[in-house]
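Biologist: I should like to go through this model with you and ask how each term is justified. May we begin as soon as it is shown?

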Amino acid sequence: MNRIILGNCLDTLVRLPDKSIDLLCTDPPYGIGISKRGQIGTGRPFTPKRWDTSAPPKAYFDEMRRVSKAQIIWGGNYFANMLPASRCWLVWWKNDGLPCHTFADCEIAWTSFDKNAQVFNSRWRGFVRDSKEPRVGHPTQKALEVMKWCIASFSKPGDTVIDPFLGSGTTAVAAKLLGRNFIGVEQDEEYVAMARQRLRHVNDNHANDNRRKA
Ligand SMILES: C[S@@+](CC[C@H](N)C(=O)[O-])C[C@H]1O[C@@H](n2cnc3c(N)ncnc32)[C@H](O)[C@@H]1O
């Protein structure tokens, strides 16, 4: 069940039966041109690419909602015209308490849940980062803690989580660490290699932990 697929996610989504996935947790291109820049903030340089020139068309959102029982879609503010109204928005609060006009205070995710809106605090501004996860060279690598929070709060062990816009694999790593099955789809070979490498580290660390315990 755990797999990373190289290709256009629509090709994978259309083959999945209705509501066959427990949780869809993803971070699609926002259409703001970030991937063309070559460097963001204090992150290390990355290969400029063109995947963020536009947001995915509505057909992608319709398929994501068809195949899964529940959805968390980061950057939901960019896709509000393609999604129904929701009261349960998630907020990743990145502020370190200091006034700052360079970085955003937060990122927000649309969800399908009929629950109160929720906030998670993990500082992420320039060099000020609570996340200790190394940057692997993807321009929009999400904080691992944020994806772990989403998956831990909205799924249970043994569930299957899909991320059709996997990037460097953060959702798959979070799912694996939390005992969920995962399917990740990513169209770019370089990013697929990053995701596979990160998952290998998770496997190696598990094996080392088990050896230490034995
Ligand atoms: C915002 S990034 C995801 C970053 C990810 N959350 C991470 O932590 O690395 C969106 C990703 O979607 C991929 N992508 C864009 N369109 C796609 C498509 N139609 N099918 C599969 N992947 C796609 C891009 O190559 C990019 O890596």
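**Strands and their partners**

Modeller: Let us start with a single pair: the bridge partner of tryptophan 74 is alanine 109 in E5. Please note that the model is predicted: local features need pLDDT of at least 70, side-chain atom pairs count only at pLDDT 80 or more, and totals for chains, interfaces and linings use all residues. Residues are numbered from 1 along each chain as its sequence is written.

Biologist: In which sense do E3 and E5 pair, and over how many bridges?

Modeller: They pair in the antiparallel sense over 3 bridges, E5 being residues 106-111. Strands are said to pair if DSSP finds at least two bridges between them, so the 3 bridges of E3 and E5 qualify. E4 joins E5 in the antiparallel sense too, over 4 bridges, and there tryptophan 92 has glutamate 107 of E5 as its bridge partner.

Biologist: What makes a stretch a helix or a strand?

Modeller: Both are DSSP runs, numbered from the N terminus: a helix is H or I with at least four residues, and a strand is E with at least two. The protein has 5 helices and 10 strands.

Biologist: Which partners does E9 have in the parallel sense, and over how many bridges?

Modeller: E9 pairs with E2 over 2 bridges and with E10, residues 181-186, over 4 bridges. Valine 161 takes part in both pairings: its partner in E2 is leucine 23, and its partner in E10 is phenylalanine 182.

**Buried and exposed**

Biologist: Why is glycine 169 called buried?

Modeller: A residue is buried if 20 or more other C-beta atoms, placed from the backbone, lie within 10 Å of its own, exposed if 12 or fewer, and partly exposed in between. Glycine 169 has 29 C-beta neighbours inside 10 Å and therefore counts as buried. Glycine 169 lies in the loop between E9 (160-163) and helix H4 (170-177).

Biologist: Which residues does glycine 169 contact, beyond its neighbours within four places in sequence?

Modeller: They are Gly184, Met194, Ala195, Arg198 and Leu199; contact requires C-beta atoms, placed from the backbone, within 7 Å.

Biologist: How do you know that H4 is mostly covered?

Modeller: Of its 8 residues, 7 are buried, namely Thr170, Thr171, Ala172, Val173, Ala174, Ala175 and Lys176. Just after H4, glycine 179 takes a positive phi of about 75°.

Biologist: Why are glycine 76 and lysine 19 classed as they are, buried or exposed?

Modeller: Glycine 76 has 21 C-beta neighbours inside 10 Å, so it counts as buried. Lysine 19 has 12 such neighbours and so counts as exposed. Glycine 76 sits in the loop between E3 and E4 (90-93), whereas lysine 19 is in the loop between H1 and E2. Lysine 19 has a phi near 50°, a positive value in a residue other than glycine.

**One helix, two sides**

Biologist: Which residues of H2 are buried?

Modeller: In H2, residues 58-67, Tyr60, Phe61, Met64 and Val67 are buried. They cover an arc of only 140° around the axis, which puts them on the same side of H2; the arc is that of the directions from the helix axis to the C-beta atoms. On the other side of H2, Lys58 and Ala59 are exposed.

Biologist: What do the buried residues of H2 pack against?

Modeller: They pack against helix H1 (9-13), strand E2 (23-26) and strand E3 (71-74).

**The ligand and the whole**

Biologist: Which residues come nearest to the ligand?

Modeller: Among the 19 residues around the ligand, Asp27, Phe165, Gly167, Ser168 and Thr170 come nearest; a residue is near if its C-beta atom, placed from the backbone, lies within 6 Å.

Biologist: Why is the protein called as compact as a globular protein of its length?

Modeller: Its radius of gyration is 17 Å, close to the 17 Å that the globule rule gives for 214 residues, so the description holds. The radius is taken over C-alpha atoms, and the rule is 2.2 Å times the number of residues to the power 0.38. Along its principal axes the C-alpha trace spans about 50 × 45 × 35 Å. Buried residues make up 33% of the 214 residues.

Conventions
Two residues are in contact if their C-beta atoms, placed from the backbone, lie within 7 Å.
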